[in-house]
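Subject: Structure for you to look through

Dear colleague,

Please find below the structure I said I would hand over, together with its sequence. Once you have had a look at it, read on for an account of what was found.

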Amino acid sequence: MQAVITAEEMMEYLEEVFPQVNNDFAIDHMDGTKTVMRLLTAERHLRPGGTVSGPSMFALADVCAYVATMACIGKQALAVTTNCSLDFMRKPESGKDLVAVATLLKLGKSLSVTDILIYSEGMEAPVARASMTYSLPRASGA
């Protein structure tokens, strides 16, 4: 599947519809099938013990799945998360960005399903794995 918007257009769109997340994330790659994003980890993302917090990892997985879906259907602000499963597998390295690699598994008329692996930058093994399902807005007149 081919991306219908560019990574630059997507970042501009995120700034418009989700300005609260724009400074935390960057798109490394987006082609309509695979999306790679990063959480620009800062002090506010850490929990006691110097590791990245679970809510920050959830946010990365969620935004990455949203971007992977929007890459294929275009700008649809009303797409919403309907299901999430997140497995925390190992402690992220402190002081490193988190990198999410998302694969769009299914894109239907009403749902998209995305698998996301999250890595600490430079680590070979993933620190978390997520599965996200998005409900897509109905087409006009449907």
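Thr114 has Met132 of strand 8 standing opposite it, and in this predicted model that pairing belongs to a longer run of contacts, since eight bridges join strand 7, which covers residues 111–120, to strand 8, which covers residues 128–135. The two strands run antiparallel, and another facing pair is Leu117 with Arg129 in strand 8. As background, strands of a sheet pair through backbone hydrogen bonds, and they may do so in a parallel or an antiparallel way.

On its other pairing, strand 7 meets strand 6 in the antiparallel sense over nine bridges, and these two strands form a hairpin with three residues between them. If you would like to trace this in the model, Lys106 has Val113 in strand 7 as its bridge partner, while Leu98 is partnered by Ser120 of strand 7.

What do the two faces of strand 7 look like? In a regular strand the side chains alternate between the two faces of the sheet. The covered face of strand 7 carries Ser112, Thr114, Ile116, Ile118 and Ser120, whereas Leu111, Val113, Asp115, Leu117 and Tyr119 lie on the uncovered face.

Stepping back to the whole sheet, six strands form an open arrangement in the order 1-2-6-7-8-5, with antiparallel pairing. Strand 1 (25–30) and strand 5 (80–88) each have a single partner strand and stand at the edges, so one side of each is left without a neighbour in the sheet. On average, neighbouring strands of this sheet are turned by 20° against each other, if direction is ignored. Within this order, strand 2 and strand 6 run antiparallel and are joined by six bridges, one of the paired positions being Thr35 with Ala102 in strand 6.

Helix 2, made of residues 54–73, lies across strand 1, strand 2 (34–39), strand 5, strand 6 (98–107), strand 7 and strand 8, and runs at about 45° to strand 6. Helix 2 also packs with helix 1, and here it helps to know that two packed helices are described by the angle between their axes and the distance between the axes. For helix 1 and helix 2 the angle is about 120° and the axes are 11 Å apart, which makes helix 1 oblique to helix 2. The crossing of helix 1 past helix 2 is right-handed. Met10, Tyr13, Leu14 and Val17 of helix 1 make the contact with Val63, Tyr66, Val67, Met70 and Ala71 of helix 2.

Tyr66 appears again when we turn to the aromatic rings, where the count comes to two aromatic pairs. The rings of Phe18 and Tyr66 have centres 5.4 Å apart and planes at 80°, and because planes over 60 degrees apart count as edge-to-face, that is how this pair is classed. Phe18 lies in the loop between helix 1 (7–17) and strand 1, and Tyr66 lies in helix 2, so the pair ties together parts that are 48 residues apart in sequence. Are these two residues buried or exposed? Phe18 counts as partly exposed at 28% relative accessibility, whereas Tyr66, with a relative accessible area of 3%, is buried.

The rings of Tyr66 and Tyr134 have their centres 5.8 Å apart and their planes at 55°, so this pair is tilted. Tyr66 in helix 2 and Tyr134 in strand 8 are 68 residues apart, and their pair links distant parts of the chain. Tyr134 is buried, as Tyr66 is, and Phe18, Tyr66 and Tyr134 form one aromatic cluster.

One further residue deserves a careful look, namely Lys96, which is found in the loop between strand 5 and strand 6. Lys96 has a relative accessible area of 32% and is therefore partly exposed. Which residues does Lys96 touch, not counting residues up to four places away in sequence? They are Thr41 and Glu121, and although Lys96 and Glu121 are 25 residues apart along the chain, their C-alpha atoms are separated by 5.8 Å.

With best wishes

Methods
Residues are numbered from 1 along each chain as its sequence is written. This is a predicted model: local features need pLDDT of at least 70, side-chain atom pairs count only at pLDDT 80 or more; totals for chains, interfaces and linings use all residues. Side-chain values use heavy atoms; hydrogens and water are left out. Two strands pair if DSSP finds at least two bridges between them. Helices (H or I, at least four residues) and strands (E, at least two) are DSSP runs, numbered from the N terminus. Axes are lines fitted to C-alpha atoms, for helices over the stretch in contact, and angles run from 0 to 180 degrees between N-to-C directions. Contact means heavy atoms within 4.5 Å. Rings of Phe, Tyr and Trp (its six-membered ring) pair if their centres lie within 6.5 Å; planes under 30 degrees apart count as stacked, over 60 as edge-to-face and the rest as tilted. Buried means under 20% relative accessible area, exposed over 50%, partly exposed in between (1.4 Å probe, protein chains only). Angles under 35 degrees count as roughly parallel, over 145 as roughly antiparallel, 65 to 115 as roughly perpendicular and the rest as oblique. A crossing is left-handed if the near helix is turned anticlockwise from the far one by less than a right angle, and right-handed if clockwise.
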